[in-house]
Amino acid sequence: METLKPSLGPQVDSLFRTSQVGVFAAGNLLRGVETADWAALEGCAAARSMARWLDNASWSASRIGVECEAPLAWICPNVITDSVPTGYRFQSKEFRKHVQLEIHQGERLLHVEPFSKLIANAPMNLTSKWTGQVDLSGAAVKIIVQGK
């Protein structure tokens, strides 16, 4: 399977923090495919993160990448840090029925989430309940689609 870059934009954690201290990114800068309302909501969330950072200047040094395999095009956030995400957005390049997304870190299976269908070129949601199992000193996390 082809492993894809998480997106063509900068990598961000759930607080929209990039790898550069003090630099945040959100909305269509990350993916270029979101609706205006979703991009605006992400912008508001990023602004709250910026305000918190200005208050206490904390920035996570531990970063684990989240990679996805075809037919997935991207996932966001695409970095896991010490912040707790409320969920993930992803997009598939293909229509698929009755699939499951498997989330792996190295040889460990962290989570399996069934989907009745993947819709091509439409952002979809993935739970974040598996994130607490990620070893922040371990390998990258991979999202794999199983099924037709």
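This report describes strands, backbone geometry, cysteines and the largest pocket in a predicted model.

## Strand β6 and its partners

Strand β6 covers residues 96–105, and 7 of its 10 residues are buried, so the strand is mostly covered. Pairing with strand β7 (residues 108–118) is antiparallel and runs over 9 bridges. Within that pairing, arginine 96 has leucine 118 of β7 as its bridge partner. The two strands form a hairpin with 2 residues between them. Glycine 106 sits in the turn and has a positive phi of about 60°.

β6 also pairs with strand β9 (residues 141–146), again in the antiparallel sense, through 6 bridges. Here histidine 104 stands opposite lysine 142 of β9. Strands of a sheet pair through backbone hydrogen bonds, either parallel or antiparallel.

## The sheet β3-β5-β8

An open sheet of 3 strands has the order β3-β5-β8, and its pairing is antiparallel. The edges are formed by β3 (72–76) and β8 (124–126). Each edge strand has a single partner strand, so one of its sides has no neighbour in the sheet. On average, neighbouring strands of this sheet are turned by 30° against each other, with direction ignored.

β3 and β5 are joined by 4 bridges and run antiparallel. One residue pair in this contact is tryptophan 74 with its bridge partner in β5, glutamine 91. In a regular strand the side chains alternate between the two faces of the sheet.

Alanine 122 lies in the loop between β7 and β8. With a relative accessible area of 23%, alanine 122 is partly exposed, because the buried class requires a value under 20%. The C-alpha atom of alanine 122 is separated by 18 Å from that of alanine 26, and the two residues are 96 apart along the chain.

## Cis peptides and positive phi

Most residues other than glycine have a negative phi, and most peptide bonds are trans. Two cis peptide bonds precede prolines described here. A cis bond with omega of about 20° joins alanine 70 and proline 71, and proline 71 is in the loop between β2 (64–69) and β3. Another, with omega of about 0°, joins cysteine 76 and proline 77. Proline 77 is in the loop between β3 and β4 (79–80).

Phenylalanine 16 has a positive phi of about 65° although it is not a glycine. Its place is in the loop between β1 (3–4) and α1. At 10% relative accessibility, phenylalanine 16 counts as buried. Histidine 98 has a positive phi as well, near 50°, and is likewise a residue other than glycine. Histidine 98 is in strand β6. With a relative accessible area of 64%, histidine 98 is exposed, because that class begins over 50%.

## Cysteines

A disulfide is a covalent bond between the sulfur atoms of two cysteines. A search of the whole structure finds 0 disulfides. The sulfur of cysteine 44 has its closest cysteine sulfur, that of cysteine 76, at 16 Å, so a bond is ruled out by distance. The cut-off for a disulfide is a sulfur pair within 2.5 Å. Cysteine 76 is also in no disulfide, and its nearest cysteine sulfur, in cysteine 68, is 11 Å away.

The accessibility of these residues is as follows. Cysteine 44 is partly exposed at 44% relative accessibility. Cysteine 76 has a relative accessible area of 7% and is buried.

## The largest pocket

The largest pocket has a volume of about 480 Å³. It is lined by 22 residues, of which Ser14, Phe16, Ala45, Thr86 and Gly87 are the closest to its centre. Phe16 is the residue whose positive phi of about 65° was given above.

Two or more lining residues come from each of α1 (36–56) and β5 (88–92). α1 gives the largest share, 8 residues. β5 is also a strand of the open sheet with the order β3-β5-β8. By class, the lining contains 12 nonpolar, 5 polar and 5 charged residues.

Conventions
Residues are numbered from 1 along each chain as its sequence is written. This is a predicted model: local features need pLDDT of at least 70, side-chain atom pairs count only at pLDDT 80 or more; totals for chains, interfaces and linings use all residues. Side-chain values use heavy atoms; hydrogens and water are left out. Buried means under 20% relative accessible area, exposed over 50%, partly exposed in between (1.4 Å probe, protein chains only). Two strands pair if DSSP finds at least two bridges between them. On a 1 Å grid over the protein atoms alone, a cavity is a set of points where a 1.4 Å probe fits but cannot get out, and a pocket is an open set with protein on both sides within 12 Å along at least five of seven lines; lining residues have an atom within 4 Å of a point. Grid points are joined across faces, edges and corners, and a volume is the space filled by probe spheres set on the points. Ala, Val, Leu, Ile, Met, Phe, Trp, Tyr, Cys and Pro count as nonpolar, Asp, Glu, Lys and Arg as charged, and the others, Gly among them, as polar. Axes are lines fitted to C-alpha atoms, for helices over the stretch in contact, and angles run from 0 to 180 degrees between N-to-C directions.
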